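Trainee: Got a minute to go through a model with me? I'd like the overview, then some details.

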Amino acid sequence: MRPFPKQRKLAGTLAATLFIFGVSTAYAALTLNGTGIVSDGGIGMTVNSSSVWDLATGTLSLQTINNGPVVFGEGLMTVNGPLTVGGAFVPLRGVPINYLATSTPGKIIMTDNSGIAAYVSVGGEGSISSSGAFTLATTTVSPGTYTNPTITVDGKGRLSAASSGVSSAGIASLNGLADGSQLFATSVSGTDFAITSSSGVHVFQLPSAAATARGLLTGADWSEFKAKEPEISAGSTAQYWRGDKTFQTLDTGVVPENGNLYYTDSRARAAFSATSPISYNASTGSMGFNLATSTGNLAVANAGSGWTTLPAGTDGKVLTASSTAPNGVSWESVAGGPSSITSLNGSSSSTQTFATGTDANVQLTVSSAGGTHTLTPLWNGTLGIARGGTGTSTTFTQGSVLFSGPSGLYSQNNASLFWDNSASRLGIGTSTPAQALDVVGNGKISGTLTVGGTNVATVLSATSASIGGGLLAAGSCASAATTVTGAATTMAVITTPQTYPGDGIYWRGYVSSADTVTVKVCAVLLSTPTASPYIIRVIK
């Protein structure tokens with residue numbers, strides 16, 4: 001054993017022989033307080049009251065003094081028997097690791113501010129095993145590989161969340177071209193703007209504007225248009241556009257009348273005049289007739305001699321033209337007097353006749369005798385539907401079930417629909433029904449079919465709105481709800497797309513609630529199903 005540091009000393013010396021404690025002087029030198037005490041295989045020491053020497057057990061206990069333990073340096077002492085030192089070893093200038101007090105697994109050696117080493121527990125969110133393996137705390141992020149990931153980092157720089165995103169494959173085709181390298185070019189050919197794509201080149205055709213071409217305005221055209229007169233702003237109704245390109249007040253001071261006069265009310269009124277029996281006021285422009293001096297009188301023009309008054313006629317007379325009357329008209333009595341017919345069906349002619357129409361199918365004869373006119377209608381040919389006929393000259397077969405055919409004409413089709421009245425049988429698809437209802441061919445029933453008192457399964461049908469057309473992530477679905485009256489959640493549903501949605505796409509339908517069927521279109525992998533309506537069949 002090397003000398004103890006000077007900071008700690010034993011309370012006294014011990015006198016004994018080393019062999020009693022099994023300490024071999026052949027292995028190491030033993031010194032106390034810097035003085036060698038080994039001599040001829042024995043140790044000369046004395047023990048004070050601070051130490052205990054137990055000869056019965058062969059144990060030497062070196063007690064502490066000054067409230068501190070005995071401190072060893074870099075020890076070179078070999079002991080072949082028990083050696084107990086009260087207290088713990090505390091290194092002052094460095095102690096080998098194997099001299100530190102034992103500790104629980106999972107701790108590490110750290111030094112304090114004085115440089116003294118000690119075991120401490122691992123802090124933070126991790127642990128260390130007795131073999132030295134350091135394990136980080138487990139996070140909520142699942143281990144694995146993420147595609148186009150979205151990640152979240154916490155305040156300690158750790159991944160706190162991660163998820164895969166939707167991959168983007170880029171543009172596969174541009175205006176119908178799938179070339180890996182594509183170019184843009186321009187052209188002035190053609191008669192309208194157009195884009196043509198071929199052999200990896202997209203040509204933008206923009207011709208110059210012309211009478212037969214819609215396109216760009218050329219420099220020459222621009223100069224010509226720019227030289228045109230600018231827009232004329234509106235003036236007032238009392239102005240005119242003068243040759244110096246300005247609006248000026250329109251009056252006789254700037255534009256003389258010469259032979260053409262401007263319109264004024266006074267000039268217009270002065271241009272008219274009237275003679276009796278017409279009166280005229282040139283100041284106001286009012287006109288009037290002065291001949292009607294009593295009720296019923298008429299003003300009649302005399303040929304070339306002005307106007308005259310025709311007194312009102314007496315009851316029962318009519319105004320008729322007369323070559324002998326001074327005024328060319330006179331009141332005349334009608335044969336039969338006032339009780340005679342003065343109008344027939346809106347016509348007041350004194351002589352009236354009846355005539356037939358021009359309808360080729362209608363013959364109308366009129367016979368008159370003793371004041372009675374007899375009209376007799378006759379019909380020729382086919383009577384139209386509008387007149388209550390069948391619209392056809394066909395003679396229908398007994399048992400025919402009539403229906404409205406082309407142009408609304410009555411029609412028959414015994415091979416498809418026939419009624420055997422003698423046997424009270426209806427045939428559909430046959431003209432010889434063998435049962436009360438004989439159907440030859442397929443049938444469809446939207447309601448409930450009952451046979452012998454038992455309901456037979458029927459099918460409800462509908463068509464959904466268009467589903468698909470958008471990108472779906474793997475395992476995700478697009479859906480649409482459709483009203484199917486009579487559908488219940490206990491019924492089975494069969495769905496069929498009108499257009500195949502593509503490989504890797506599957507679909508199914510189910511009654512999600514009463515009268516409602518939901519169709520789902522799902523992607524196995526990231527893909528876009530073709531948009532399509534789905535035919536729905538619900539089995540009752």
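Mentor: We'll take the overall numbers, then a sheet, a buried residue and two loop residues.

Mentor: This is a predicted model, so to speak of local features we need pLDDT of at least 70, and side-chain atom pairs count only at pLDDT 80 or more, while totals for chains, interfaces and linings use all residues. Residues are numbered from 1 along each chain as its sequence is written, and side-chain values use heavy atoms, with hydrogens and water left out.

Trainee: How many helices and strands are there in the protein?

Mentor: There are 2 helices and 39 strands. Both are DSSP runs, numbered from the N terminus: helices are H or I with at least four residues, strands E with at least two.

Trainee: And what share of the residues is buried?

Mentor: 18% of the 540 residues. Buried is under 20% relative accessible area, exposed over 50%, partly exposed in between, with a 1.4 Å probe and protein chains only.

Trainee: What about the accessible surface of the protein?

Mentor: About 36,600 Å², with 55% belonging to carbon and sulfur atoms. That area comes from the Shrake-Rupley method with a 1.4 Å probe.

Trainee: Switching to the sheet. In what order do β35, β38 and β37 sit?

Mentor: The order is β35-β38-β37, an open sheet with antiparallel pairing. Strands pair if DSSP finds at least two bridges between them.

Trainee: Why is one side of β35 and of β37 left without a neighbour?

Mentor: β35 (477–483) and β37 (505–513) are at the edges, each with a single partner strand, so one side of each has no neighbour in the sheet.

Trainee: How many bridges join β37 to β38?

Mentor: 8, with β38 covering residues 516–523. One pair is S513 with T516, the latter in β38.

Trainee: New topic: D438. Where does it lie?

Mentor: D438 is in strand β31, residues 437–439. D438 is buried, yet has no salt bridge. A salt bridge needs a side-chain nitrogen of Lys or Arg within 4 Å of a carboxyl oxygen of Asp or Glu.

Trainee: How far away is the nearest side chain of opposite charge?

Mentor: That is R425, 7.4 Å from D438. Lys and Arg count as positive, Asp and Glu as negative; His and the chain ends are not counted.

Trainee: Which non-glycine in the loop between β15 and β16 has a positive phi?

Mentor: S199, at about 55°. The loop lies between β15 (194–198) and β16 (201–205).

Trainee: Is S199 buried or exposed?

Mentor: Exposed, at 65% relative accessibility.

Trainee: And K245?

Mentor: K245 also has a positive phi, about 65°, and is not a glycine. K245 sits in the loop between β17 (239–241) and β18 (247–249). K245 is partly exposed, at 48% relative accessible area.
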